[in-house]
Amino acid sequence: MITRIYSAALRGVDALEVEVEVNAWGSEKPQIFVVGLPDAAVRESIQRVTSAIIASALPMADGSKTVNLAPADVKKEGPSFDLPIALAMASACGELALPADDCYVAGELALDGTVRPIKGALPIALEARARGKKRLIVPAANAAEAAIVEGIEVYGVDSLHQTWNFLAGLEPLVPCVIDRKAFFESHRHYDVDFEEVKGQYQVKRALEIAATGGHNILMVGPPGTGKSMLAKRLPSILPDMSEEEAIETTKIHSIAGYLDPKRSFITTRPYRAPHHTISDAGLLGGGTNPGPGEVSLSHHGLLFLDELPEFRRQTLEVMRQPLEDGHVTISRAAGSLTFPSRFMLVAAMNPCPCGFRFSSLVA
């Protein structure tokens, strides 16, 4: 019997629909095959899925099974396919056909069937709505993040058994509902504020002008004059983020796995301050499985480069395209990915190697 559950794979800052198919047939030597360009985490999921199905007391068909992740020409990464694979495998035994054509399912499984959080719940919710799906099932820890998207019902689940019972109509679940306006108002709070700065009238005036016009700025001064302190407080005088900007920024942080569990949606301007030893890939993004770098994590916010002369020249040179175009393109053998990177650049440096040139702090 062939069963299908819909899920999604992350590609750049967006998600792509994935159809999880499972075919079970009789075999003297039971085996499980995973096809559809899976990575190591997806191939290893079979061990987790099998253990979770047994621990959850769900039906398990005898014989061999083939798990296909379509489209087959897109690489599937991460453990978020555990939950849809488990549901499709349990349904493949023929005892119960799950009515899941109108929903997306995503989640990582523990060996006992517990559902663990995943990356990219917000992009998956946006893709589900774009595809006309009515429901989205994600781990309970990701429900608030996904529920920001209007036009789709988001259900947070804690276990495989609970998910099975819900789809089978044996256990009701209440969709997660977020009041977007109230959520934005209650979470627009910065830990530090520009109004806390006393004195420094000239530099504060310069920063206010830069913030108003969205200009980049360089601060030069001796150590201890407050350059880093001022930069850290600058986002608090930038305009409030719109809902569209907040969704774009949250998508990037969600994919990177940097969302705070207690604050599942970013409503304040991001502030990123990488160390001067950062690599090109760390700044722009990249890696074997390309992910966003600091310039993208600063999208709609502020990127602060302290001790600017300490950064390698090559590292500074690679920032030219993101600053000019507002996005960065990462090319690999498997294809190219584009990440947004529209940010305000603030840099600070000492006037000389010792740091005290033209300063009255030294004789």
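A polar contact here is a pair of N or O atoms within 3.5 Å, where one must be able to donate a hydrogen and the other to accept it. Keep that cut-off in mind for a couple of the stops below. One more thing before you start clicking: this is a predicted model.

**Stop 1: K204**

Select K204, which you'll find in helix α7, residues 201–213. Is this lysine buried or exposed? With a relative accessibility of 13%, K204 counts as buried. Now look at its side chain: one of its polar atoms lies 3.2 Å from the backbone oxygen of G199. Show the surroundings too. Setting aside neighbours within four places in sequence, K204 is in contact with F194, V197, G199 and L230. If you'd like to draw a distance, try K204 to L234: the two C-alpha atoms are 9.2 Å apart in space, while the residues are 30 apart in sequence.

**Stop 2: helices α3 and α9**

Next, colour helix α3 (residues 121–130) and helix α9 (residues 243–256). How do these two pack? Their axes are 7 Å apart and make an angle of about 125 degrees, and α3 and α9 are therefore oblique to each other. To see where they touch, show side chains for A121, L122, P123 and L126 on the α3 side, and for I247, T250, K251, S254 and I255 on the α9 side. The residues of this contact divide into 6 nonpolar, 2 polar and 1 charged.

**Stop 3: I124**

Stay on helix α3 and pick I124. At a relative accessible area of 1%, I124 is buried. Which residues surround it, leaving aside neighbours within four places in sequence? Light up A8, L10, A15, Y104, A106, I118 and L136, and you have the contacts of I124. For a longer line across the model, join the C-alpha atoms of I124 and G287: they are 22 Å apart, with the two positions 163 residues apart in sequence numbering.

**Stop 4: N142**

I118 turns up again here, as a contact of N142. Select N142 in the loop between β8 (135–139) and α4 (143–146). Although N142 sits in a loop, its relative accessibility is 5%, so it counts as buried. What does its side chain reach? Follow it to the backbone nitrogen of I118, at 3.0 Å. Beyond neighbours within four places in sequence, N142 is in contact with P117, I118 and A121. You've already met A121, as one of the α3 residues that meet α9.

**Stop 5: the aromatic pairs**

Finally, show the rings. How many aromatic pairs does the structure hold? There are 2.

Start with Y155 and F166: the ring centres are 4.6 Å apart and the planes are at 45 degrees, so this pair is tilted. It links distant parts of the chain, with Y155 in strand β9 (residues 153–157) and F166 in helix α5 (residues 160–167), 11 residues apart. Both Y155 and F166 are buried.

Then jump to Y271 and F304. Here the ring centres are 6.3 Å apart and the planes are at 25 degrees, so the pair is stacked. Y271 lies in strand β11 (residues 271–272) and F304 in strand β14 (residues 302–305), so the pair ties together parts that are 33 residues apart in sequence. Switch on the surface for this last view: Y271 is partly exposed, with a relative accessible area of 25%, whereas F304 is buried, at 2%.

Note on methods:
Residues are numbered from 1 along each chain as its sequence is written. This is a predicted model: local features need pLDDT of at least 70, side-chain atom pairs count only at pLDDT 80 or more; totals for chains, interfaces and linings use all residues. Side-chain values use heavy atoms; hydrogens and water are left out. Axes are lines fitted to C-alpha atoms, for helices over the stretch in contact, and angles run from 0 to 180 degrees between N-to-C directions. Helices (H or I, at least four residues) and strands (E, at least two) are DSSP runs, numbered from the N terminus. Angles under 35 degrees count as roughly parallel, over 145 as roughly antiparallel, 65 to 115 as roughly perpendicular and the rest as oblique. Contact means heavy atoms within 4.5 Å. Ala, Val, Leu, Ile, Met, Phe, Trp, Tyr, Cys and Pro count as nonpolar, Asp, Glu, Lys and Arg as charged, and the others, Gly among them, as polar. Buried means under 20% relative accessible area, exposed over 50%, partly exposed in between (1.4 Å probe, protein chains only). Rings of Phe, Tyr and Trp (its six-membered ring) pair if their centres lie within 6.5 Å; planes under 30 degrees apart count as stacked, over 60 as edge-to-face and the rest as tilted.
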